Amino acid sequence: MSNSSSSTVSGTATRTFEFGRTHVVRPKGRHQATIVWLHGLGDKGSSWSQLLETLPLPNIKWICPTAPTRPVRLFGGFPCTAWFDVGDFSEDAPDDLEGLDASAAHVANLLSTEPADIKLGVGGFSMGAATALYSAICLVSGNYGNGNLYPVNLSAIVGLSGWLPCSRNLRNRMEGSHEAARRAASLPIFLCHGLG
């Protein structure tokens, strides 16, 4: 299955993001989990769907969307597929909250039609891992960066060679909330990163 869609998050959103094709790898066994898998900067969902189809994980449905094509500051404004805009990878770099919110909302929308008895997860590589971790922040805090409620209950997060966006603001979003701390402690997160 492939399709494309646009997404906005109500509230402070001023841009509409046109997401590319979404590729779905159906489970070969009994459907027990659905994972939205997010590609890295400049890639597309079809690249990962071909790889995920070969994994010996017969009970997982994989949804592999393609990020919008947008100008990316890291590349001097050159347009490529990106879940959000990024200029550099330092902690002091500004975060594209509007792009992060739109991508997290797109992921939540993709998962919103899954059966209630299915475990839901988000994973990704590089920028996709950063977006998956941002989805975890939204789940744990209960809302997107713009304050709107986060609607999906995630069971797991997977990140390969990524980073944590919005790390400067994370403490402010989490501090003083026992409910957020409880959700954070109960969410399995698997992170891997290579050297260099």
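**Helix packing around α3**

Let's start with α3 and α4. Helix α3 spans residues 127-141, and helix α4 spans residues 167-174. Their axes come within 10 Å and cross at roughly 15°. An angle under 35 degrees counts as roughly parallel, so α3 is roughly parallel to α4. The crossing is left-handed. Keep in mind that this is a predicted model.

Who makes that contact? From α3 we have Tyr134, Ile137, Cys138, Val140 and Ser141. From α4 we have Leu170, Arg173 and Met174. By class, that is six nonpolar residues, one polar and one charged.

Next, α3 with α5. Helix α5 covers residues 178-186. Here the axes are 8 Å apart, and the packing angle is about 135°. That makes α3 oblique to α5. On the α3 side, the contact uses Leu139, Val140 and Ser141. On the α5 side, look at Ala180, Arg183 and Ala184. The split for α3 with α5 is four nonpolar, one polar and one charged. Note Val140 and Ser141. They appear in the contact with α4, and they appear again in the contact with α5.

Third pair: α2 and α3. Helix α2 runs over residues 97-111. The two axes come within 9 Å and cross at roughly 85°. The window of 65 to 115 degrees counts as roughly perpendicular, so α2 is roughly perpendicular to α3. From α2, the residues are Leu97, Leu100, Asp101, Ser103, Ala104 and Val107. They meet Thr131, Tyr134, Ser135 and Cys138 in α3. Classes for α2 with α3: six nonpolar, three polar, one charged. Tyr134 and Cys138 of α3 touch α2 here, and both were on the list for α4 as well.

Last stop, α1. This helix takes in residues 45-52. Which of its residues are buried? They are Gly45, Ser46, Trp48, Ser49 and Leu52. They sit on the same side of α1, because they cover an arc of only 165° around the axis. The helix repeat is worth recalling. An α-helix has 3.6 residues a turn, so residues three or four places apart point the same way.

And what do the buried residues of α1 pack against? Strands β3, at 23-25, and β4, at 33-38, are two of the partners. β5, at 60-64, and β8, at 119-125, complete the list.

To recap the angles: α3 is roughly parallel to α4, oblique to α5, and α2 is roughly perpendicular to α3.

Terms used. Residues numbered from 1 in each chain as written. Predicted model: local features only at pLDDT ≥ 70, side-chain atom pairs only at ≥ 80, totals over all residues. Heavy atoms only, no water. Axes fitted to C-alpha atoms, helices over the stretch in contact; angles between N-to-C directions. Helix = DSSP H or I, 4+ residues; strand = E, 2+ residues; numbered from the N terminus. Parallel < 35°, antiparallel > 145°, perpendicular 65-115°, else oblique. Left-handed = near helix turned anticlockwise from the far one by under 90°. Contact = heavy atoms within 4.5 Å. Nonpolar A, V, L, I, M, F, W, Y, C, P; charged D, E, K, R; others polar. Buried < 20%, exposed > 50% of the residue type's maximum accessible area, 1.4 Å probe, protein only. Arc of directions from axis to C-beta.
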